[in-house]
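These questions and answers go through one model; please keep the view open while reading.

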Amino acid sequence: MNSFGAGVPANIKGRDLESALQRSGFYPRLVADVVNDALDNQEPLSHLVHLETHFDRTEVHRHITVLVLTPEMLVITHVDDHQLDDSGEQMVAQVSTESVPVSQIKSVVLSYIYAQPQDYRSSDQARELTLSIAWSGGQRVEMGPASCGDAECDADHGYSGSIAQEDIALRISAEAEGLQAVADAKAFARALRAVNTRTGTPAHLDAGPGRFPAFGARLARSHHRR
């Protein structure tokens, strides 16, 4: 069986994506229309929908990132919302999309966190996963004061840091989003690697013609908020 699941046609993947956007509850019609437009009639092979919520004093900020893999492209859609008044009645959504040829992707990195590794069994699932994808050569630098390890030492040891190559990084936590979300992220990374390295032809690349449904068309018109 290949990374996408043998015999799963692209229109099924389109309906799965539609359902994932609906479950996110984050302006599903708007996000679906934006993603559908960014795909430009390309067939989805795999997808990852990641919703994050941040609290800033009395305000709640949410943003969603949708990764959709096609045979030739990685389509990235990001939507933020912002309130313009104290009551939250006036809202705006900021949208960005990017399409990256899979042939240009330089690395797909998965970082895992496991709880109680001394008791690890093969059936245990990671508690947290970070998916990092690089294609433009952009680098993230993390710096901090260096230390000699002596708690009594107050000398200046300069700085130490690390450099990571990434254009996008998504952190998925089982505690916040559930074990299935972690598994979905891992499956998406596996699918991306398969297309990027051309290690095999997914079964539904040869499934014949048939465009996936315009998944935005059937979503509820009302915006859902949490």
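A polar contact is a pair of N or O atoms within 3.5 Å, where, within protein, one must be able to donate a hydrogen and the other to accept it, and residues adjacent in sequence count only if both atoms are side-chain atoms. The model is predicted, with local features needing pLDDT of at least 70, side-chain atom pairs pLDDT 80 or more, and totals for chains, interfaces and linings using all residues. Numbering starts from 1 along each chain as its sequence is written, and side-chain values use heavy atoms, without hydrogens and water.

Q: Which residue offers the backbone oxygen that the side chain of Ser24 reaches?
A: Ser24 lies in helix 1, residues 10-24 (a DSSP run of H or I, at least four residues; strands are E, at least two; both are numbered from the N terminus). At 2.7 Å, the side chain of Ser24 reaches the backbone oxygen of Leu21.

Q: Is Ser24 buried or exposed?
A: Buried means under 20% relative accessible area, exposed over 50%, and partly exposed in between (1.4 Å probe, protein chains only). Because its relative accessibility is 7%, Ser24 counts as buried.

Q: Which element gives the largest share of the largest nonpolar core?
A: This core (buried Ala, Val, Leu, Ile, Met, Phe, Trp, Tyr and Cys joined through side-chain atoms within 4.5 Å) has 27 residues, and Leu67, Ile105 and Phe188 are among those with the most contacts inside it. Elements giving two or more residues to this core include strand 2 (59-69), strand 3 (73-83) and helix 4 (179-197). The largest share, seven residues, comes from helix 4.

Q: How many residues does the second, separate core have?
A: Among its members are Leu21 and Val68. The count for this second, separate core is 16.
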